[in-house]
Amino acid sequence: ITQFEQGAKKKDFPKALELRVEEECGVRSEALEAARVAANSHLSKVLDPEEGYFLKIIPYPHHVLRYHPLAGIAQADRYYEGMRKPFGRPIGRSAIVDEGDIVFKVSVDEGDVQEARKALERANHKMPVTCRVKLNQ
């Protein structure tokens with residue numbers, strides 16, 4: 001993830017929409033980045049990127065994903081290293097989210113609520129789990 005906050009960071013907006021997760025899971029950092037790009041590209045096309053909205057990613061991908069391959073060939077016991085490096089090599093990171101956690105938050109003006117909803121629905125398509133868009137006053 002390159003940026004966690006985008007848009008007008010210091011402006012106060014009257015309306016805020018949230019993208020909430022419906023079941024607990026691990027969301028990879030690549031999925032969060034793809035959702036951020038999808039939501040921000042829509043918002044920057046229809047609203048002013050400097051003063052029209054504020055987009056924030058809430059979870060941080062702390063959990064390190066690891067992969068420990070096993071040899072699947074004949075005489076694999078000669079290649080296998082046993083308990084040396086038993087945790088595997090890191091292949092990515094993910095954010096552990098629980099049911100009802102907020103993943104994205106968009107703050108907009110009164111008349112731009114529908115555009116923010118469309119942006120969060122586009123971000124929802126990039127997520128690995130079902131999410132709901134909720135209007136938070």
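Is the crossing of helix 1 and helix 2 left-handed or right-handed? In this predicted model, the crossing is right-handed. The chain holds 2 helices and 8 strands, and following the sequence from start to end gives the pattern β-β-β-α-β-β-β-β-α-β. Let's walk through how these pieces sit together.

**The whole chain**
- The chain has 137 residues, and 36% of them are buried.
- Take the contacts between residues at least 6 apart in sequence: 87% of these join residues at least 24 apart.

**The two helices**
- Helix 1 covers residues 29-46 and helix 2 covers residues 113-124.
- These helices pack with their axes 7 Å apart, at an angle of about 155°.
- Because angles over 145 degrees count as roughly antiparallel, helix 1 is described as roughly antiparallel to helix 2.
- On the helix 1 side, the contact is made by Ala35, Ala38, Ala39, His42, Leu43 and Val46.
- On the helix 2 side, Glu115, Ala116, Lys118, Ala119, Arg122 and Ala123 take part.
- Sorted by class, this contact has 8 nonpolar, 1 polar and 3 charged residues.

**The sheet of 5 strands**
- A helpful idea to start with: strands of a sheet pair through backbone hydrogen bonds, and the pairing can be parallel or antiparallel.
- Here, 5 strands make an open sheet with antiparallel pairing, in the order 1-4-7-2-8.
- Strand 1 (5-7) and strand 8 (131-136) are at the edges with a single partner strand each, so one side of each has no neighbour in the sheet.
- On average, neighbouring strands of this sheet are turned by 15° against each other, direction ignored.
- Strand 4 (residues 53-57) and strand 7 (residues 102-108) run antiparallel and are joined by 5 bridges.
- For one pair to look up in the structure, find Lys56, whose bridge partner in strand 7 is Lys105.

**How the helices meet this sheet**
- Helix 1 packs on the sheet and touches strand 1, strand 4 and strand 7.
- The direction of helix 1 makes about 175° with that of strand 4.
- Helix 2 lies across strand 2 (15-21), strand 7 and strand 8.
- Helix 2 runs at about 20° to strand 2.

**The sheet of 3 strands**
- Another open sheet has 3 strands in the order 3-6-5, and its pairing is antiparallel.
- Which are the edge strands here? They are strand 3 and strand 5 (63-67), and each pairs on one side only.
- From one strand to the next, the twist averages 50°.
- Strand 3 and strand 6 (residues 89-97) run antiparallel, with 4 bridges joining them.
- One bridge to look for involves Val27, whose partner in strand 6 is Ala95.
- Helix 1 lies across strand 3 and strand 6, running at about 65° to strand 3.

**A closer look at Gly26**
- Gly26 is found in strand 3 (residues 25-28).
- Is Gly26 buried or exposed? The answer falls in between: Gly26 is partly exposed, with a relative accessible area of 39%.
- Leaving out residues up to four places away in sequence, Gly26 touches Ser94, Ala95, Ile96 and Pro128.
- Gly26 and Ile96 are 70 residues apart in sequence, but their C-alpha atoms are 4.5 Å apart in space.

Conventions. Residues are numbered from 1 along each chain as its sequence is written. This is a predicted model: local features need pLDDT of at least 70, side-chain atom pairs count only at pLDDT 80 or more; totals for chains, interfaces and linings use all residues. Side-chain values use heavy atoms; hydrogens and water are left out. Axes are lines fitted to C-alpha atoms, for helices over the stretch in contact, and angles run from 0 to 180 degrees between N-to-C directions. Angles under 35 degrees count as roughly parallel, over 145 as roughly antiparallel, 65 to 115 as roughly perpendicular and the rest as oblique. A crossing is left-handed if the near helix is turned anticlockwise from the far one by less than a right angle, and right-handed if clockwise. Contact means heavy atoms within 4.5 Å. Ala, Val, Leu, Ile, Met, Phe, Trp, Tyr, Cys and Pro count as nonpolar, Asp, Glu, Lys and Arg as charged, and the others, Gly among them, as polar. Two strands pair if DSSP finds at least two bridges between them. Buried means under 20% relative accessible area, exposed over 50%, partly exposed in between (1.4 Å probe, protein chains only).
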